[in-house]
Amino acid sequence: MNDAIPRYNLPPFAVTMLPDGDVIAAGQGQNVLAAIGFAQKAAILDTQRPIFTVGLPLLAGTSRTERWLSPTPVRYGKHASITYSENGTVLFGHLLLEEADFPDFRIASQTAYQHVFELLQHAGYPCLLRMWNYFPAIVSQQGEFNRYQTFCLGRQDALDVWGNFDYAPPAATAIGTQQSGLQLYFIAAKSAGMQLENPRQTSAFLYPRQYGPVSPAFSRATVKDWGQGKHLYISGTTSIVGHETLHIGNPLAQLEETLRNLEALLGHGDKTLGLPVGTVRELTQLKVYLHAPDILAPIQAMLTAYLGDSPVDVLYLQGDVCRADLMMEVEGIFA
């Protein structure tokens, strides 16, 4: 199969969803930046390329593979724990660490981000645009803090050494898995994207200290103008207004609030930054993370009705949100 896509007047990658689970086959070809599967266990499937599974099982439909395609040939490399790909404009990286190899989870998180920052400086892509962070027992208490708060501390430790974000923090997702391993993947560029915040929500880096000793380091979304077109990367979004969780114990009401947040973000972004999309229905893809499989049917029914005949691709994954009182989270991308 010819993986090449027309290279003129296009951003540096496109995201497509293949209706099968052959992740290794999807990762072959000179124009493939990454291939991602969804399974019970996170795994590195190729030691030379970012071809891997995320440890989050699909809750609906058959096996799927997410493929990131470049309009130009791709170069592959390794740095410390990271396998990466780059095409001269964008870099995609992936790492999977075992916590047992580190004294504690804070040091594991610090090490993961240290490897990321080292690579970005070494490869000449200093600006993170989008991060995905997956690790087990995300809201479990470990000593004074829960594991999400400990993860944020480790990330901040790395930022303190390498210099804090002197540009818009990346869009990001942090979701809890059911098995071991700290897994990160990310995209970076040679110049920064534009930070987009949500007028309905307190910016994460301004959260009061009741949510942890350091603020989470992410933007609600990142807009990247590649010159040949804009991409939009929306962080994991849920039923938070201001900084408080709403509709505790009611997953459908939490989904409704989440959709209000997403539409507010898009509306604000369109007015201020001129987004390539104006509504949730125009996005390329949504990922819906559900704490419990038994809420899938009503959530899927409500979201399907909301999207109507929109072509947006929706993945339902089992994963825990970073607050115990949140039952679901949604992220989006236009690429």
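Which strand does Glu 86 lie in? In this predicted model, Glu 86 belongs to strand β7, and that residue makes a handy starting point for a look at the charged pairs. With a relative accessible area of 11%, Glu 86 falls under the 20% cut-off and is therefore buried. Its carboxylate does not sit there alone: the side chains of Glu 86 and Arg 75 come together in a salt bridge, with N and O 2.6 Å apart. The two partners come from distant parts of the chain, Glu 86 from β7 (residues 82-86) and Arg 75 from strand β6 (residues 75-79), eleven residues apart. Arg 75 itself is partly exposed, at 43% relative accessibility, so this bridge pairs a buried acid with a partly exposed base.

Glu 86 has other company too. Its side chain also reaches the backbone nitrogen of Gly 88, at 3.0 Å. Leaving aside residues up to four places away in sequence, Glu 86 touches Leu 33, Val 74, Arg 75, Leu 91 and Tyr 125. Arg 75 thus turns up both as a contact and as the salt-bridge partner.

Zooming out, a search of the whole structure turns up nine salt bridges. One of them joins Arg 106 to Asp 157, whose closest N and O atoms lie 2.7 Å apart. Arg 106 sits in helix α2 (residues 105-123) and Asp 157 in helix α3 (residues 147-162), so this pair ties together parts of the chain 51 residues apart in sequence. Here the acid is again on the buried side, Asp 157 having 16% relative accessibility, while Arg 106 is partly exposed at 33%.

Another salt bridge brings the side chains of Glu 257 and Arg 200 together, at 2.8 Å from N to O. This one links helix α4 (residues 251-273), which holds Glu 257, to the loop between β14 (194-196) and β15 (221-225), which holds Arg 200; the two residues are 57 apart in sequence. Glu 257 is buried, with just 4% relative accessibility, and Arg 200 is partly exposed at 26%. Elsewhere, salt bridges with shared partners join Glu 66, Arg 130, Lys 287 and Glu 331 into one network.

Next comes helix α5. The twelve residues of α5 (residues 296-307) should span 16 Å at 1.5 Å a residue, and the C-alpha atoms at its ends are indeed 16 Å apart, so the expected and modelled lengths agree. Leu 296, Ile 299, Leu 303 and Leu 307 are buried in this helix. Viewed down the axis of α5, the buried residues fall within an arc of 75 degrees, so they line one face of the helix. What do they pack against? The buried residues of α5 pack against α4, β19 (285-290) and β20 (313-318). Helix α4 is also where Glu 257 resides. Turned away from the buried side, the other face of α5 carries the exposed residues Ala 297 and Ala 305. After the helix comes Gly 308, whose phi is positive, near 60 degrees.

Strand β4 (residues 51-54) is a different sort of element, covered on both faces. Ile 51 and Thr 53 are buried on one side, and Phe 52 and Val 54 are buried on the other. Its neighbours run in opposite senses relative to it. Strand β2 (residues 32-38) pairs with β4 in the parallel sense, over four bridges, and Phe 38 stands opposite Val 54. Strand β3 (residues 43-46), in contrast, runs antiparallel to β4 and is joined to it by three bridges, with Ala 43 standing opposite Thr 53. The connection from β3 to β4 is a hairpin of four residues.

Finally, one pairing spans a long stretch of sequence. Gln 228 is found in the loop between β15 and β16 (230-237) and is partly exposed, with a relative accessible area of 44%. How far is Gln 228 from Pro 12 in sequence and in space? The two are 216 residues apart in sequence, yet their C-alpha atoms are 8.6 Å apart in space.

Methods:
Residues are numbered from 1 along each chain as its sequence is written. This is a predicted model: local features need pLDDT of at least 70, side-chain atom pairs count only at pLDDT 80 or more; totals for chains, interfaces and linings use all residues. Side-chain values use heavy atoms; hydrogens and water are left out. A salt bridge is a side-chain nitrogen of Lys or Arg within 4 Å of a carboxyl oxygen of Asp or Glu. Buried means under 20% relative accessible area, exposed over 50%, partly exposed in between (1.4 Å probe, protein chains only). A polar contact is a pair of N or O atoms within 3.5 Å; within protein, one must be able to donate a hydrogen and the other to accept it, and residues adjacent in sequence count only if both atoms are side-chain atoms. Contact means heavy atoms within 4.5 Å. The expected span of a helix is 1.5 Å times one less than its number of residues. The arc is that of the directions from the helix axis to the C-beta atoms. Two strands pair if DSSP finds at least two bridges between them.
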